[in-house]
Each structure stands twice: as C-alpha cells, then as structure tokens.
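Colleague: Could you take me through the largest pocket and the helix packing beside it? I'd be glad of a close look with the cut-offs spelled out.

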Amino acid sequence: MTYENSLISKIAWKYYIEGMTQNEIAESLNLSRMKVIKYLDIAKANQIIQFKINLDKFVDIDVQNKIKQHYHLRDLYIVPTSSKNPLDSLTKAAAHYIEDRITSDTMINVGYGQAVSRTLGHLNISTKYKVTFVSLSGGVKFYIPTVIDSSSDYYTNLNYNHYIMPAPLLASTEHLAKQLINEKPIKKIFEMIPYSTITIIGIGAVNEQATIVKEGYLNTNQMEIFKSMGAAGDLLSQFYDKNGHVLDLKLHKQLVSTDINLLKSLNHVVAVAGGLEKREAIIGALKGGYIDVLITDEDVAKSLIE
C-alpha cells in the first residue's frame, strides 16, 4: 500500500466520519487545503467513499498481519487516530463492522460500558433482518436509540427482540449475587448467551475513567489497590493482569455478570477499545484469548508490535 493511498483514506475518514473541516484536516496533516480537496475527489473517484469508508484501503496490511498472527486474532480493524473525538470515531467503525455481519436471525450479546453503548447507538439495521440483543451483565442501561426507541413509529417497525438482565451489575454481597443469578428471568438470559452470533464488548483500563468508576460502583482508591495487585484491565467488570489472568477479587463474586472465561468459547467476540492509556488492558485481553476481533486506533495498533 502506497503512502498516498493511506493518506487519501485517512483524509476521507477525518472528513466524512469525524466531521472535520477541510481546513482542520489540512492543519492536522500539514497539507494545503487544495491538496485535501484533491484527495477527497480521488477518494470519491476510486470508491473509497461509498456509504461507508473502506477501512481496508487505510490499513497497513503488514502491521495488521503481524498483530493478528502474534495474538491469534481472527480479524483486526484499525481506524485513524482521532484527536477530535476518538471514541466516536472508533465506535462508528465498530458499528459498520457489526452491520456488515447482520443477517437473518442474528443474536448479539451486549457488554457493558461506553464503547459498547456508542457502537450500538450508531447501528443502522435493515428492517428485513430479525435481530436479538442479549445483555451479558446486570446494570446495563439499554442504550440503543437507533434500534429500540419505541417512541418513534419508525423504530416500532424494526424486527428485533431484546433481553436485558433485570438486576444491578454489582450486588451488595456474594450471597445476593448468587441468588439473583439463579432467579428464573436472569437465568434464562444467561442460558441464551452461548448461542449468540456476535458478542460486542469494551475493554476497561484501570483508571478513574473506567465506566465502573464513573457509574459509582468503585472509587479511585479501589482502582489503585487493584492496580497494585497487578490489574491491567477489565472485561465485563472482571479484572485481569498483563497476561490476561483473572485476579482473585471479592468484587468478582458480587457481580451479576457473565464469567469472562466464557468469552473464549463464544462465537465472534468483538472488542472495541482505543487510546494508548488502554494499551496494557488491550494486551492483557489479547494474551488472555478473550477476543476474536479487535477494533482499535492506529496509535494503539502500532504500539502492539513495538
């Protein structure tokens, strides 16, 4: 892949997905505005821009293959690193990825966190497909306005079902968590999870920006303690070290959540995570073998092979 082709795709991404102006793109890439306009025209002519950006035109295939082979990934999608709205950029790419794989009777397991919520919020699903959404844990605020906003006549015509665990993410005691998990409505949802077509999850870093901290389940002091115990990241609010080994924490026994070890046996587990602050968390998740597909940004991808 030539430098020019990579630059064309990067410009197309920044303009159409991130919503940057031509002047902003020119400044960020140290180009003239006329060159940006020229490359956008080339992108249209070469069908890099259709209804979606063709990420394959942007990806450094050598970097992609090295990461896939090293971490035994089924697939890897790399988006240009965004200084403007990195999470929005990542989750739009993830939504495109999911949309391309939705067919009749698709069942999507839904993880916990901002990356998942925004990905699902960007989904645009054809009415000809029947889609079922299943939550992987309690505490999920069902955040798919483009899919299940029943206040709109358009959305009521969508052919979907959703199964949300009627429980908190974190119970006050281990005993209560076990009781909730064995309640019939929740147990039925847990029984559905292994039959999914796609599973979408986020990867949490061990810092104050973690969703589990923002939602008030943990505080920054507790996160510092977990970090001192070797925590590198979390999946479904379960913390693991840099090699993907799950830590022995009291917290885990109080969760109403799918055991992350089940992720290894699920079909097509897609993780959406970016930003260098999540590098260790992403590496731990990869080494643990919890995910099949990673959707991340250019900076993280390059750091994974350093």
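Modeller: Happy to; here is the pocket, followed by the helix pair H5 and H6, which both give residues to its lining. This is a predicted model, so to speak plainly about limits: local features need pLDDT of at least 70, side-chain atom pairs count only at pLDDT 80 or more, and totals for chains, interfaces and linings use all residues. Residues are numbered from 1 along each chain as its sequence is written, and side-chain values use heavy atoms, leaving out hydrogens and water.

The largest pocket has a volume of about 630 Å³ (the space filled by probe spheres set on grid points joined across faces, edges and corners). A pocket here is an open set of points on a 1 Å grid over the protein atoms alone, where a 1.4 Å probe fits, with protein on both sides within 12 Å along at least five of seven lines; lining residues have an atom within 4 Å of a point. Of its 37 lining residues, Leu87, Gln114, Ile203, Gly274 and Lys278 are the closest to the centre. Helices (H or I, at least four residues) and strands (E, at least two) are DSSP runs numbered from the N terminus. Two or more lining residues come from each of H5, H6, strand S6 (204-205), helix H11 (211-214), strand S7 (233-235) and helix H15 (298-304). H5 gives the most, with 4 residues. By class, the lining has 18 nonpolar, 13 polar and 6 charged residues (Ala, Val, Leu, Ile, Met, Phe, Trp, Tyr, Cys and Pro are nonpolar, Asp, Glu, Lys and Arg charged, the others, Gly among them, polar).

Now the helix pair. The axes of H5 (residues 86-99) and H6 (residues 114-122) come within 8 Å and cross at roughly 55 degrees. That makes H5 oblique to H6. Leu87 and Thr91 are among the H5 residues that meet H6, where Gln114 is one of the partners (heavy atoms within 4.5 Å).

Conventions
Axes fitted to C-alpha atoms, helices over the stretch in contact; angles between N-to-C directions. Parallel < 35°, antiparallel > 145°, perpendicular 65-115°, else oblique.
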